[in-house]
Structures are given as C-alpha cells and as structure tokens.
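Student: I've just opened this one and I'm new to it. Could you walk me through it?

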Amino acid sequence: MLNLKGLSRAEKLELINHIFKKYPSKWAEESFGLVLDPWQAKMLDSPAKRLALNIHRQGGKSTMSSLICLHTALFRPGSLSLIIAPALRQSQENFKKIRSFIDQLSEVPKFDESTKLSLQFETGSRILCLPGGNDGKTIRGFSRPDVIVEDEAAQCSDELHYAIMPMMATFPDCKYVMASTPFGQRGHFYKIWTESPAWEKYELKASDNPRISKEFLEEQRTSPMGPWYYAQEFECEFVAGVTQLISHESILKAMDSSIPVVDIS
Ligand SMILES: Nc1ncnc2c1ncn2[C@@H]1O[C@H](COP(=O)(O)OP(=O)(O)OP(=O)(O)O)[C@@H](O)[C@H]1O
Ligand SMILES: [Mg+2]
C-alpha cells in the first residue's frame, strides 16, 4: 500500500505517474477498471524484449497488445508502435480497441493526426495498425520502432515475419510481441514457440480461463469444428496439419544421434 501522506498534490501526481510508467498493469487497471488475468499483468510489466503469447481464442491477446502500444505512446514521447496483423479487418479491430481505451482516459491526449488506422500524438508518439498482407511489402520502410506486435502470428506468412525483423536493426531493444493461437506444426510462430529460448512465453488454455464456460467449450468441442481446430483454437496445441501424415514431434522422436550410421553401399 502506498503512503501518500504528507506529499503535495504535485508530488503525488509525480509518484503515480512514475508507478504507471514502470508498471503498465497498474496503469491499465486504474485507468480502465480492468481486472487483469495473472498472465496479462505479468506480460504487461515484463521487461523482456521478445514475448510470444500462445493464448486461446478470445483470451485477450489483442486487448493486451493494444494496451502495450497505448502505454508506450503515452509514457514514451516520440515513440513508434506498430500492430501488424495479416488483414485489414484485423488491423481495424486493433485500432478500434486502442481508440476505445483512449476514450476512457480521464485526460484525453492531443493528436496531430488521426486516421482510420493511425494516431499521431502531440508528443510525437505514433501508433500504426498495419495490414501486413502475404509478402510484407506494405510494411517495409518503418524504422526504429519501440514496439512491434505481430497479431495472429500463426496466420502471418513467414515472408511477412522476415520483412518485420530487420526494422529492429538499429534498435534491437524494441519490444516484439507475437500473439496467436497455433495453426499446424509449421511456420515461424511454431518454430519460435518450440525452439527459441530467447522468447518469453505465455500460454493459457480456454479450459483454464474462468471467463470461458465449460458448457461453451463442450459445445465447441463437439461442433463441426472437429478436434484439429478445437485443440488449436482453445487448447493451445500445435497439431500436425490434416495433410501431414507424420507429426513433427514423431519425426523428432525418431531421430536418435546415438545410433551409428550404417554404410550400405
Ligand atoms: N482481463 C479481462 N477482463 C475482462 N474481459 C477481458 C479481459 N481480457 C480480455 N477481455 C475481453 O475478452 C474479449 C476478447 O479479447 P481479445 O479480442 O483481446 O482476445 P483475443 O485473444 O485477441 O481473441 P481472438 O483470438 O479471437 O483474436 C474482449 O471482449 C475483451 O474485452
Ligand atoms: Mg485478437
């Protein structure tokens, strides 16, 4: 508990501002009345520069990504935050989330410019919601972002991911958040999730989220969606593609470096 006794109004404001800057979760809870899930508070406050979120559908990935961008824009003047999604519709949804949070702020920031997908604050900070397309050509040209969010990462092409990475060349401390549900044992999201220790990883299955009812999940599990989609959309599992006969896991298990190579020539 904070002891603000004896502090002047200016000192109190300065202290609160300091706490909100350092702990985005406190800022989000206080400003928007949110009760954050443990993974949400942890990832908002994490100092990690690479974060991968494998969170079930409707678990709050886009909401947290929007909050990270807005927090950066407000507390780091002159910053650039990019939220990249595969398609225009998803970028519009992300933009709407950010706008709705801005509308709830007690002090609405001033803008130099606001379009349907971008905001330029009076402080020079910018938030851009970009549709990446298949080859990433539309997102080339942005330099030195402070935050990059790759939303629906398993649905983003590898080419798009490869077009994003070089943007960080002159500022590798950029925070890169990759958010998705799994989609097969393929692609950069799967590779990073299974192979890269450099990324801080977050996972939440729908069955572990009290906001999602057991009845709803049972309806989905037994729906025409089928087990392949259900396991990925709700249980965070990377399931081999329907056309993939042998799973990536089985291939890895079958590879044993202790077995000597037999020359049959
Ligand atoms: N801590 C929370 N408390 C209450 N509601 C929440 C919380 N986190 C997220 N939500 C709500 O859950 C819903 C889904 O959030 P969001 O769109 O961010 O999820 P998502 O993981 O991006 O979903 P999808 O995978 O479908 O894109 C939204 O209505 C959001 O407001
Ligand atoms: Mg989303």
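Tutor: Sure, let's go through the sheet, the helices and the ligand in turn, keeping in mind that this is a predicted model.

Student: Let's start with the sheet. In what order do the eight strands come, and is the sheet open or closed?

Tutor: The eight strands make an open sheet with mixed pairing. Neighbouring strands in it are turned by 10 degrees against each other on average, ignoring direction. Reading across, the order is S3-S4-S5-S2-S6-S7-S1-S8.

Student: Which strands stand at the edges?

Tutor: Look for strands with a single partner strand, so that one side is left without a neighbour in the sheet. That description fits strand S3 (111-114) and strand S8 (200-204).

Student: How do S3 and S4 run, and how many residues does the hairpin between them use?

Tutor: Three bridges join S3 to S4, and the two strands run antiparallel. Glu 113 stands opposite Gln 120 in S4. The hairpin that joins S3 to S4 goes through three residues.

Student: And S6 with S7: parallel or antiparallel? Which residue is the bridge partner of Ile 148?

Tutor: Strand S6 (residues 147-151) and strand S7 (residues 175-180) are joined by five bridges and run parallel. For Ile 148, the bridge partner in S7 is Tyr 176.

Student: Which strands does H4 touch, and what angle does its direction make with that of S6?

Tutor: Helix H4 (residues 61-75) packs on the sheet, touching S1, S2, S4, S5, S6 and S7. Its direction and that of S6 make an angle of about 165 degrees.

Student: Now the helices. Are H4 and H5 oblique or roughly perpendicular to each other?

Tutor: Two packed helices are described by the angle between their axes and the distance between the axes. For H4 and helix H5 (residues 88-104), the axes are 9 Å apart and the angle is about 60 degrees. H4 passes H5 in a right-handed crossing. With that angle, H4 and H5 are therefore oblique to each other.

Student: Which residues of H5 meet H4?

Tutor: From H4, the contact includes Ser 62, Thr 63 and Leu 67. By class, the contact of H4 with H5 has six nonpolar, five polar and two charged residues. On the H5 side you'll find Glu 93, Asn 94, Lys 97, Ile 98, Phe 101 and Ile 102.

Student: What about H2 and H4: oblique or roughly perpendicular?

Tutor: Their axes are 11 Å apart, at an angle of about 100 degrees. The contact is made by Pro 24, Trp 27 and Ala 28 of H2 with Leu 67, Ile 68 and His 71 of H4. Five of these residues are nonpolar, one is polar and none is charged. From the angle, H2 and H4 are therefore roughly perpendicular to each other.

Student: Which residues of H3 meet H2?

Tutor: The axes of helix H2 (residues 24-32) and helix H3 (residues 38-45) come within 7 Å and cross at roughly 125 degrees. H2 and H3 are therefore oblique to each other. Pro 24, Ser 25 and Ala 28 in H2 meet Ala 41, Leu 44 and Asp 45 in H3.

Student: Last stop, ligand 1. Which helix gives the most to the shell around it?

Tutor: There are 14 residues around ligand 1, and Arg 57, Gly 60, Lys 61, Ser 62 and Thr 63 come nearest. The shell divides into four nonpolar, seven polar and three charged residues. With three residues, the helix that gives the most is H4.

How values were computed
Residues are numbered from 1 along each chain as its sequence is written. Chains are lettered from A and ligands numbered from 1 in the order in which they are written. This is a predicted model: local features need pLDDT of at least 70, side-chain atom pairs count only at pLDDT 80 or more; totals for chains, interfaces and linings use all residues. A residue is near a molecule or strand if its C-beta atom, placed from the backbone, lies within 6 Å of it. Helices (H or I, at least four residues) and strands (E, at least two) are DSSP runs, numbered from the N terminus. Ala, Val, Leu, Ile, Met, Phe, Trp, Tyr, Cys and Pro count as nonpolar, Asp, Glu, Lys and Arg as charged, and the others, Gly among them, as polar. Axes are lines fitted to C-alpha atoms, for helices over the stretch in contact, and angles run from 0 to 180 degrees between N-to-C directions. Angles under 35 degrees count as roughly parallel, over 145 as roughly antiparallel, 65 to 115 as roughly perpendicular and the rest as oblique. A crossing is left-handed if the near helix is turned anticlockwise from the far one by less than a right angle, and right-handed if clockwise. Two residues are in contact if their C-beta atoms, placed from the backbone, lie within 7 Å. Two strands pair if DSSP finds at least two bridges between them.
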